[in-house]
Amino acid sequence: MKQTKKTGRNTPCPCGSGLKYKKCCLKKRSGQLDPAVLYQRKYSIRLKNKQDIDGIRRAGRLVLDTLEMVEEKLKPGITTNEINTWVHEFTIKNSAIPAPLNYSGFPKSCCVSINEVICHGIPGNRVIEDGDIVNVDVTSILKEYYADANKTFLAGDVAPDGVKIVNVTLQCLRRGIAAVKPGNTIGDIGWAIQSYAEGEGCSVVRKFVGHGVGFDFHEPPQIPHYGKPGTGIPLTAGMVFTIEPMINLGVKELTILDDNWTAVTRDRKLSAQFEQTLLVTDDGVESLTPF
């Protein structure tokens, strides 16, 4: 009697699809929906395939190069509009499009947010002064793929409060990233950030959140930077989204200025932000904008 070799979960599928058996016919036999179909139907989330991920990664490399270029030039005495010009020209030179420009009426190619400005600062005539903390937020579209990242920079000799909020916020980003893996939830990310920030005597902005990205500037799901462990959408391989905690030295409440974009802390105390575009992998997470 001829013995039939058993197909293992991680062996190539006998149907010839090129996928592993566990990701192809095993699911069909067990009646399971493909994750891409399930997440599209249930959450309106479009999972990314290898080609998509490669495209987002290339856009992410450009975003990082842009931020590194800004970091080399940023110093007290320059205006926020000079930063915008650098970002715009560098993006166009590299055959990409600055996503913020004209997005819902936003008039510039990047956001520059100083000190009490939480996010969405419109570049203009404001001069960066010694001791400022300066967030620069860049989103590039390269060959139709989007990547999004930001950093908060120290300009000159920054006081201890400024150094603290920048360091706490960067640690919040790192803790949020560490919570990303299949089987964890969006609430796990939020809790990792919130618990650390509040433990350091800071607060987490609620009004603005992370978001899906890749095919468009903002996609499902939303990624709050606060939450409860084990709650929210389960993470699965192929999800691409940003984590971008906005952490305040004082209260979490904010005010939107008359330009309908610039968000400032209600108590005018310092705020900082860091952001990366992240991919959920089969066994963890990969940053597509690693710094």
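Strands β2 and β4 run antiparallel and are joined by 4 bridges. In this predicted model, β2 covers residues 111-114 and β4 covers residues 133-142. One bridge pair places S113 of β2 against N135 of β4. The side chains of β2 split between two directions. C111 and S113 point one way, while V112 and I114 point the other way. Both sets are buried. In a regular strand the side chains alternate between the two faces of the sheet.

Strand β4 also pairs with β5, again in the antiparallel sense, and here the pairing extends over 10 bridges. Within this pair, V138 stands opposite A149 of β5. The two strands form a hairpin with 2 residues between them. K143 sits in the turn and has a positive phi of about 50°. Strand β5 spans residues 145-154 and is mostly covered. Of its 10 residues, 9 are buried. Strand β4 is thus a partner both of β2, through 4 bridges, and of β5, through 10 bridges.

A further sheet is open and contains 3 strands in the order β6-β10-β13, with antiparallel pairing. Strands β6 (203-204) and β13 (271-273) stand at its edges. Each has a single partner strand, so one side of each is left without a neighbour in the sheet. Strand β10 comprises residues 246-248 and pairs with β13 over 3 bridges. In that pairing, I247 stands opposite A272 of β13. Strands of a sheet pair through backbone hydrogen bonds, either parallel or antiparallel.

The loop between β12 (263-265) and β13 holds R266. This residue is partly exposed, with a relative accessible area of 49%. The class follows because the exposed category begins only over 50%. Leaving aside residues up to four places away in sequence, R266 touches V251, E253, L254 and T255. A96 lies 170 residues from R266 along the chain, and their C-alpha atoms are separated by 36 Å.

N10 is located in the segment before α1 (25-30). Its relative accessibility is 49%, and N10 therefore counts as partly exposed. N10 and K20 are 10 residues apart in sequence. Their C-alpha atoms are 5.4 Å apart in space.

At the level of the whole chain, the model has 6 helices and 15 strands. The radius of gyration is 21 Å. A compact globule of 291 residues would have a value near 19 Å, so the two agree. Along the principal axes, the C-alpha atoms fill a box of roughly 85 × 45 × 30 Å. Buried residues account for 51% of the 291 residues. Among contacts with a separation of 6 or more, 66% link residues 24 or more positions apart.

The protein chain exposes about 14100 Å². Carbon and sulfur atoms supply 50% of this area. The chain carries 36 positive and 32 negative charges. The mean positions of the two sets are 13 Å apart.

Key:
Residues numbered from 1 in each chain as written. Predicted model: local features only at pLDDT ≥ 70, side-chain atom pairs only at ≥ 80, totals over all residues. Heavy atoms only, no water. Rg over C-alpha atoms; globule rule 2.2 N^0.38 Å. Buried < 20%, exposed > 50% of the residue type's maximum accessible area, 1.4 Å probe, protein only. Contact = heavy atoms within 4.5 Å. Areas by Shrake-Rupley, 256 points an atom, 1.4 Å probe, with all protein chains shown as cover. Lys, Arg positive; Asp, Glu negative; His and termini not counted. Charge placed at Lys NZ, Arg CZ, Asp CG, Glu CD. Pairing = 2+ DSSP bridges.
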